[in-house]
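Please open the structure in your viewer and keep the sequence beside it. The tour below goes from stop to stop, saying what to select and what is there.

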Amino acid sequence: AKRDAGTSYRFYNRQLHISAGHQIKLEGDLRNALRGNELELYYQPRIDLVTGEVRGVECLIRWNHPTRGLVMPDEFIPAAERSGLIVPIGYWVIEQACERLRESADLGFPGLVFAVNLSFRQFHDRKMTETIFRIIFNANVDTSLLELELTESAMMHDPDYAQRCLRELSQLGISFALDDFGTGYSSLTNLQHLPISLVKIDKSFVQALGQSGDSEHIIRAIISLAHSLQMSVVAEGAETEGQLDFLREQHCDEVQGFYYARPMPWSDLITFLHDRNRL
Ligand code: C2E
Ligand code: CA
Ligand code: CA
Ligand code: CA
């Protein structure tokens, strides 16, 4: 389904590289989307490899376009970043995630972690911590259940400022995950002074399991290093039983992948949780 939704929108990407006019059109559409409630979060479960229960969910944005249907983030996040619109969109995502976090506790699933993606571009906003603080204060949620996912490169533009943001937010109880790990340049040891409690192994390594001998070694090394630094590990992109078996043998903590579940709308997630987690 992801592919189908994606291909009908390929023209957005293509035209972005061709004409500034279309970029302006896309940005205008996106601005209206934010105002007009066309954005929606989908939720992909993260499964504990020992208990099989859902430990948390990653919140993934979708755009319900009035005429074009479901648009995937890869088709509009880059434009949102270029235009700076990712800043208000990013705050909307955190607000929405906090609302769902509260709802999940009310529905009998307390302790579920909600992970939200932070774009590098959001670190250009000098009011980031202040604004996030206001959002979670108003939402009145257990901040220890809110996790922000960032990539290594997100912190590169202004490492000192990024570090300060992470410290301030972690003092509020928010935790941080390093996304797409293994694809960047820095090493975990460079990052150990940052308040990062979780590493997400990029799906390219998981999907290369059994095809390239290297990926096994890389995954094994990431898990053992992360654990020695007291970080948990989530493997992304697990689609097969074989990948799962390997990850379990390596004591990977959690798995997020199509094998268990695709990202889904909120109402489907509730059904999934009822089936999966004992109440
Ligand atoms: P990401 O943060 O790496 O998110 C995980 C992506 O991997 C999701 O794609 C998810 O559907 C996909 N995935 C998970 N398991 C599997 C699997 O087993 N097989 C395959 N083939 N794919 C799997 P999605 O939802 O299309 O999101 C793409 C990217 O868009 C995200 O990558 C993230 O970088 C960005 N994104 C999504 N939502 C947001 C948001 O709210 N804010 C920002 N800044 N970026 C977002
Ligand atoms: Ca992510
Ligand atoms: Ca990722
Ligand atoms: Ca990615």
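What follows is a walk from the calcium ions to the ligand beside them and then to the aromatic rings.

This is a predicted model, in which local features need pLDDT of at least 70 and side-chain atom pairs count only at pLDDT 80 or more, while totals for chains, interfaces and linings use all residues. Residues are numbered from 1 along each chain as its sequence is written, chains are lettered from A and ligands numbered from 1 in the order in which they are written, and side-chain values use heavy atoms, with hydrogens and water left out.

**Stop 1: the calcium ion that is ligand 2**

Select ligand 2, a calcium ion coordinated by Glu-58 (OE), Asn-117 (OD1), Glu-149 (OE) and Asp-179 (OD), at 2.2 to 2.3 Å. Donors here are N, O and S atoms within 2.8 Å of the metal (3.2 Å for Na, K and Ca), and because water is not among the atoms, sites may look incomplete. Along the chain, the donors of ligand 2 follow the spacing E-x58-N-x31-E-x29-D. Two of these residues link distant parts of the chain, since Glu-58 is in strand E2 and Glu-149 is in strand E5 (residues 146-150), 91 residues apart.

Now select Glu-58 by itself, which you will find in strand E2 (residues 54-65). Strands (E, at least two residues) and helices (H or I, at least four) are DSSP runs, numbered from the N terminus. Is Glu-58 buried or exposed? At 4% relative accessibility, Glu-58 counts as buried, where buried means under 20% relative accessible area, exposed over 50%, and partly exposed in between (1.4 Å probe, protein chains only). Glu-149 is buried as well, at 1% relative accessibility.

Add Lys-200 and Gln-256 to the selection: the side chain of Glu-58 makes a polar contact of 3.0 Å with the side chain of Lys-200 and another of 2.7 Å with the side chain of Gln-256. A polar contact is a pair of N or O atoms within 3.5 Å; within protein, one must be able to donate a hydrogen and the other to accept it, and residues adjacent in sequence count only if both atoms are side-chain atoms.

**Stop 2: the calcium ion that is ligand 3**

Select ligand 3 next, a calcium ion that lies 3.9 Å from ligand 2, with Asp-179 coordinating both. Ligand 3 is coordinated by Asp-179 (OD), Asp-180 (OD) and, listed twice, Glu-236 (OE), at 2.3 to 2.6 Å. Asp-180 in strand E6 (residues 175-181) and Glu-236 in strand E8 (residues 232-236) are 56 residues apart. Asp-180 is partly exposed at 27% relative accessibility, whereas Glu-236 is buried with a relative accessible area of 9%.

**Stop 3: ligand 1**

Select ligand 1 and the 26 residues around it, of which Ile-61, Arg-62, Lys-203, Glu-239 and Phe-258 come nearest; a residue is near a molecule if one of its heavy atoms lies within 4 Å of it. An oxygen atom of ligand 1 is 2.9 Å from an N or O atom in the side chain of Arg-62. Asp-179, already seen at the calcium ions, has a polar side-chain atom 3.1 Å from an oxygen atom of ligand 1. The protein covers 89% of the 810 Å² of accessible area that ligand 1 has on its own, with areas taken from the Shrake-Rupley method and a 1.4 Å probe.

**Stop 4: the aromatic rings**

The structure holds six aromatic pairs. Rings of Phe, Tyr and Trp (its six-membered ring) pair if their centres lie within 6.5 Å, and planes under 30 degrees apart count as stacked, over 60 as edge-to-face and the rest as tilted. Select Tyr-43 and Trp-266, whose ring centres are 5.1 Å apart and whose planes stand at 70 degrees, so the pair is edge-to-face. Tyr-43 lies in strand E1 (residues 39-48) and Trp-266 in helix H11 (residues 266-276), so the pair ties together parts that are 223 residues apart in sequence. Tyr-43 is buried, at a relative accessible area of 1%, and Trp-266 is buried at 8%. Add Phe-114 to see the cluster that ring pairs make of Tyr-43, Phe-114 and Trp-266.

Finally, return to Phe-258, one of the residues that come nearest to ligand 1, and select Arg-262, which lies over the face of Phe-258 at 4.0 Å from the ring centre.

Notes. A charge sits over a ring if NZ of Lys or CZ of Arg is within 6 Å of the ring centre and within 35 degrees of the ring normal.
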